[in-house]
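Here is a short note for your first look at this model. Keep the structure open beside the text and check each point as you read.

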Amino acid sequence: MKKLLASLLALSLVLTGCGSGGDSKSGYEIALITDAGNINDKSFNQSAWEAVEKFADENKLTKKYYKPANFDTAGYSDSIDEAVDNGAKVIVTPGYKFSDAMQEKQSQYPDVKFIMIDATPSGDKIESNVYAALYAEQEPGYLAGYAAVKDGYTKLGFMGGMKLPAVIRFGYGFIQGASDAAKEMNVQVEIKYNYTGSFNESPEIKTLSSAWYQDGTEVIFACGGSICLSVFSAAQEANAKSIGVDSDQKDASETVITSAMKGVYNTVYDQLGKIFADNPTFEGGKVDTLTAAGGYVGLPDDFSRFKQFTKADYEAIFEKVKSGEVKILNDEEVGTDPTTLNNEFVTVMDVSK
């Protein structure tokens, strides 16, 4: 009997020491909480997770992603709690919807580092354990609009998701880039402009995109989460073109000529490096707006789907954006009406009104 009890005790100790994922020491050290959508969304979730995976594998750290039961403040909060319970030392939160949850969680877990992407904690305070990255979306938007017109497209479309500052900045940059290219080429450009009110794929978005293509629109900038799938599908059927957003989306559709990118992958990877360095250089308690100057926004390096816009053309205009030689207005400077950016070379038709 004593031998049996001893064996059972030993087995119990082995089982209770295993922890989640089979790591008996620390559980899952790096966690990512997904925003709405899946981990393979070819956007924020996927880019952030790929950075986590690469860094964790290179540095022999454990990692896990959590998909909330509900994509709301309660759902995000519960997932953060679960990640901490499972041993998370760092938690990555991609997306603006985490703001309310992080207002509370940043102080509830002072020993956990948080990397916020495209969001800040709501309220007036950001704790020293939180790094928040925002992006100058007007810059990659500008580059995409400029490249499209330089490539010969003069009938453009902007299909944005919800009317949020980040989406507005993408759209305003897109208009200004198209306008500057049109001025250089002395051509007239028309831009149909719409906010869908959602970041989700839907038949309605595909129907509207198809109508635009049938009406002569040559390329649509699909700006917002899974709505790109609706636009890409419409472009495919119309034998037309599209522009992706946030990450390089050329693999999502052969219609994608380029993408207005944010460096989500680089942001997450760089911040993990600062946290886990032998001499950590993580700077929490701050909000960074990342720009072309730091190499965190731009277009992909693949120019094979352009007809005449070249890598050299891109490098020339990128340097002007990077240096500030090109002045790109943002939402705070323009307001909420995109038609304010109309001029003798570009006409914006806001169909979302």
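**Notes on the model**

1. Start with two paired strands. Strand β7 (residues 189-195) and β13 pair in the parallel sense, over 5 bridges. One residue pair to find is Ile191 with its bridge partner in β13, Val348. Bear in mind that this is a predicted model.

2. Stay with β13, which covers residues 346-350. Which of its side chains are buried? Val346, Val348 and Asp350 point to one face and are buried. Thr347 and Met349 point to the other face and are not buried. This fits a general pattern: in a regular strand the side chains alternate between the two faces of the sheet. Val348 thus appears twice in this note, as the bridge partner of Ile191 and as a buried residue of β13.

3. Next, the cysteines. How many disulfides does the structure hold? The count is 0. Take Cys223: the closest cysteine sulfur is in Cys228, and at 10 Å that is too far for a bond. A disulfide needs the two sulfur atoms within 2.5 Å. Cys228 is in no disulfide either, since its nearest cysteine sulfur, that of Cys223, is 10 Å away. Are these cysteines buried or exposed? Cys223 counts as buried because its relative accessibility is 2%. Cys228 is buried as well, with a relative accessible area of 3%; the cut-off for buried is under 20%.

4. Now look at the empty space. Rolling a probe the size of a water molecule over the atoms shows where such space is left. The largest pocket holds about 1000 Å³. It is lined by 48 residues, and the closest to its centre are Phe44, Gly95, Tyr96, Asp118 and Phe199. Several elements give two or more residues to this lining, among them α2 (44-58), β5 (130-135) and α8 (227-238). Helix α6 gives the most, with 5 residues. By class, the lining has 20 nonpolar, 17 polar and 11 charged residues.

5. The second largest pocket has about 490 Å³ of space. Its lining counts 26 residues; Ser247, Asp248, Met261, Lys262 and Leu299 are the closest to its centre. Helix α10 (311-323) is one of the elements that supply at least two residues here. In fact α10 gives the most, with 5 residues. The classes divide into 9 nonpolar, 7 polar and 10 charged residues.

6. One contact deserves a look. Asp118, one of the residues closest to the centre of the largest pocket, lies in the loop between β4 (113-117) and β5. Is Asp118 buried or exposed? Asp118 is buried, because its relative accessible area is 14%. Its side chain and that of Lys262 are joined by a polar contact of 2.9 Å. Lys262 is among the residues closest to the centre of the second largest pocket.

7. Finish with the closed space. A search of the whole structure finds 1 cavity of 30 Å³ or more. The volume of the largest cavity is about 60 Å³. Its lining consists of Asp248, Lys250, Val256, Ile257, Thr258, Pro300, Asp302, Ser304 and Arg305. These divide into 3 nonpolar, 2 polar and 4 charged residues. Asp248 lines this cavity, and Asp248 is also among the residues closest to the centre of the second largest pocket.

Technical notes. Residues numbered from 1 in each chain as written. Predicted model: local features only at pLDDT ≥ 70, side-chain atom pairs only at ≥ 80, totals over all residues. Heavy atoms only, no water. Buried < 20%, exposed > 50% of the residue type's maximum accessible area, 1.4 Å probe, protein only. Helix = DSSP H or I, 4+ residues; strand = E, 2+ residues; numbered from the N terminus. Pairing = 2+ DSSP bridges. 1 Å grid on protein atoms, 1.4 Å probe; cavity = no way out; pocket = protein on both sides within 12 Å on 5 of 7 lines; lining within 4 Å. Points joined across faces, edges and corners; volume = space filled by probe spheres on them. Nonpolar A, V, L, I, M, F, W, Y, C, P; charged D, E, K, R; others polar. Polar contact = N/O pair within 3.5 Å; in protein donor to acceptor, adjacent residues only side chain to side chain.
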